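Biologist: Please take a close look at one part of this model, the sheet in chain B and what packs on it. A word on the cysteines would also help.

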Amino acid sequence: MPGLFIDVEVAPEVASDPAYAARLEEVCPVDIYAVGPDGGVTVVEENLDECVLCRLCLDATPEGTVRVKKLYEDGATL
Amino acid sequence: MRFFEYESRQIVAKAGIPTSPHGFATTAEEARRIATEIGGPTVIKSQVLTGGRMKAGGVKFADTPDEAEAHARDILALEIGGHMPRGVLVDSKVDVKQEYYAGVVWDGMRKQPVILFSDMGGIDIEEVAESHPDHVGRGHFSTIHPFSDFQAKQVIAATGVTGKALQRATPILARLAKLFVERDMTLAEINPLAELADGSFVAVDAHMDMENEARPRQKALLAELGVGEEETRQAREATPFEIAGEAVDAMDHRGVAGNVTEFDGNLGLVIGAGGGSLTLFDAVRAHGGDPANYCEIGGNPSVKKAAGLAKLVLQKPGVDKIAVMMSIVSNTRVDIVARGVIKACIELGYDPAEKIAIFRIPGAWEEEGFKILERYGVEYADRSVSMHEAARRAVEKIGAAA
């Protein structure tokens, strides 16, 4: 189920990179990211609304490649 | 949590307080064996977590092991106040010269334990305090500083007890005070504390209540007593609603959604924060509201946990609306709780603006939280609105809905 309050978008070049997948899985305190079966980034939809807006995923990836959107604020990004 | 008398006796004995010879039996045959070992007259007492045993026929005197067995058989089959006995305590019928009362209880107003002693034991201490206040000695003590025996002595001496009796009762009351602190009790009571014909003192009955939150710390004691983790030992059995509340709290390690207690009103409460729950519950009642439940949410629960609690309350039959209120929070995020309660409404097919009578949680991340509430049209209040006023508004809204 997609998030009611939060959505994330991961750019293809990061989403397919196993190193970024592992890093995102490690830094997210609420398990929004996981390493998928293909080694890339999987977004765990059921955890999206647990996002604490900590920005750790943004810090772990090149600028602009991960976007955290606040759906309650018309999709404003962090 | 409450202890059976036979367990309380063990706790007292472990603290070095002498008890009259006794044993615990779950069958009439065992009771007979214990009575034989004790020798002489015995008292057979039902082991139930409720009062009124004597009146209900749950305490009987026996002169012989045969009689003890027969009484035990009767008592084991006797329901008292809706409780079947865990077993029977076979106690020796001691030759009592004088009965005293020794107790320690938590004084919530002073936030300190108070030791109590009376030379009129065997009856309710409340009754003695009312009819013979000069026969009750009392004194508060610190839970931080070491307890000194002289504090116990002063309290006993205040009732006029002197000489050998004072000397012998003092270490008993002191040990009871130390036990109270070490075992996280809210009540530790020996009534009667009997002075025997030879001048010695023994505990003839004991009553212990332990702080429920201390269970993890007192694990070793509970294991020794054979108290299972599944035994709640509360004043009444948990209702299915309350058990479901425990499941919500257990589903996620983050934060707390605990102490869910069922009432039969129409206003569901998602309340908490540093004593805020009690204040808010009282405020709702003071304004004529009828709470459907009590609970304590805080410590930064996950959205899932906040939603789980809100869903549980919203689905309770008779609940028209929920009020989400806390005092000012610092370690719970307003936005996370807001997401949780709104998510609960939406997943149940309700309009959050209709179902949430008021959201009054000021504190950490409140700006973010208020954005979410505004988005869904939920009435919210910041710290400029008192908890009492928020409760009033919630009651007013539900009154309008009824």
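Modeller: The model is predicted, and what follows is computed from it. In chain B, four strands make up an open sheet, ordered β1-β4-β2-β3, with antiparallel pairing. The edge positions are taken by β1 (22–25) and β3 (59–62) of chain B; each has a single partner strand, so one side of each lacks a neighbour in the sheet. On average, neighbouring strands of this sheet are turned by 20 degrees against each other, direction ignored.

Within the sheet, β2 (residues 42–46) and β4 (residues 88–92) of chain B are paired in the antiparallel sense through five bridges. In this pair, T42(B) has S92(B) of β4(B) opposite.

Two helices belong to the picture. Helix α1 of chain B, residues 5–14, lies across β1, β2 and β4 of chain B and runs at about 50 degrees to β4(B). Helix α2 of chain B, residues 28–38, packs on the sheet and touches β1, β2 and β4 of chain B. The direction of α2 makes about 170 degrees with that of β1(B).

As for the cysteines, there are zero disulfides over all chains. For C51(A), the closest cysteine sulfur is that of C54(A), and the 6.4 Å between the two sulfurs is too far for a bond, because a disulfide requires the sulfur atoms to be within 2.5 Å. C51(A) counts as buried because its relative accessibility is 8%, under the 20% cut-off. C295(B), at 0% relative accessibility, also counts as buried.

Key
Residues numbered from 1 in each chain as written. Chains lettered and ligands numbered in written order. Predicted model: local features only at pLDDT ≥ 70, side-chain atom pairs only at ≥ 80, totals over all residues. Heavy atoms only, no water. Buried < 20%, exposed > 50% of the residue type's maximum accessible area, 1.4 Å probe, protein only. Pairing = 2+ DSSP bridges. Axes fitted to C-alpha atoms, helices over the stretch in contact; angles between N-to-C directions. Contact = heavy atoms within 4.5 Å.
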